[in-house]
Amino acid sequence: MYIHGRMECIVNLKVKAQKWGNSLGMRIPKIIAEELNLTDGTTLELEVDGEKLIVYQPKKNKFKLQDLLSSVTPKNIHNETETDDSVGEEVW
């Protein structure tokens, strides 16, 4: 396993694949998890390149409201949708 991140060097570790239900899993050593800010529940992506398994964190998309709204046009905007009767003191 080769770990790239903020570390100064490439770390070469050996870990064992272990049965986990019908799948296989591997443990990421604490020092590597901390260095890469991996926590329980972190989403990781797997990629196979020949005989190599590449594990990485997908980049997070940061959306800006103005950018999202700029793609709204009269052709792709939908009409209002009636969902249900009023349940409080809403005024329509």
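**View A. The salt bridge of the predicted model.** This predicted model holds 1 salt bridge. The side chains of Lys30 and Glu34 form the contact, with a nitrogen-to-oxygen distance of 3.8 Å. Both residues belong to helix H1, where a spacing of 4 residues separates them by about one helical turn. Lys30 is exposed, at a relative accessibility of 64%, whereas Glu34 is partly exposed, at 48%.

**View B. Asn37 in the loop that follows helix H1.** The loop shown connects helix H1 (30–35) with strand E5 (45–49), and Asn37 lies within this loop. The backbone of Asn37 adopts a phi near 55°, a positive value in a residue that is not glycine. Asn37 has a relative accessible area of 52% and is therefore exposed, the threshold for this class being over 50%.

**View C. The antiparallel hairpin of strands E5 and E6.** Strand E5 pairs with strand E6 (residues 52–56) in the antiparallel sense, and 5 bridges join the two strands. One of the pairings places Glu45 opposite Tyr56, its bridge partner in E6. Between the strands of this hairpin there are 2 residues. Gly50 has a positive phi, near 65°, in the hairpin. A positive phi thus appears in this view at Gly50 and in View B at Asn37, a residue other than glycine.

**View D. The nonpolar surface patch.** Val15, Met26, Ile28, Leu44, Leu46, Val48, Leu53 and Val55 together make a nonpolar patch of about 660 Å² on the surface. The hairpin strands of View C contribute to the patch: E5 and E6 each supply at least two of its residues. Among the patch residues is Val48, which is located in strand E5. With a relative accessibility of 65%, Val48 counts as exposed. Patch membership requires over 30% relative accessible area, so Val48 satisfies this criterion at 65%.

**View E. The negatively charged surface patch.** Four acidic residues are shown here: Glu80, Glu82, Asp84 and Asp85 gather on the surface as a patch of negative charge. Glu80 is situated in the segment after helix H2 (65–69). The relative accessibility of Glu80 is 80%, and Glu80 accordingly counts as exposed. Patch residues take part in no salt bridge; Glu34, by contrast, is joined to Lys30 in the salt bridge of View A.

Terms used. Residues numbered from 1 in each chain as written. Predicted model: local features only at pLDDT ≥ 70, side-chain atom pairs only at ≥ 80, totals over all residues. Heavy atoms only, no water. Buried < 20%, exposed > 50% of the residue type's maximum accessible area, 1.4 Å probe, protein only. Patch = residues over 30% accessible without salt bridge, like charges linked within 9 Å, V, L, I, M, F, W, Y side chains within 5 Å. Areas by Shrake-Rupley, 256 points an atom, 1.4 Å probe, with all protein chains shown as cover. Lys, Arg positive; Asp, Glu negative; His and termini not counted. Charge placed at Lys NZ, Arg CZ, Asp CG, Glu CD. Pairing = 2+ DSSP bridges.
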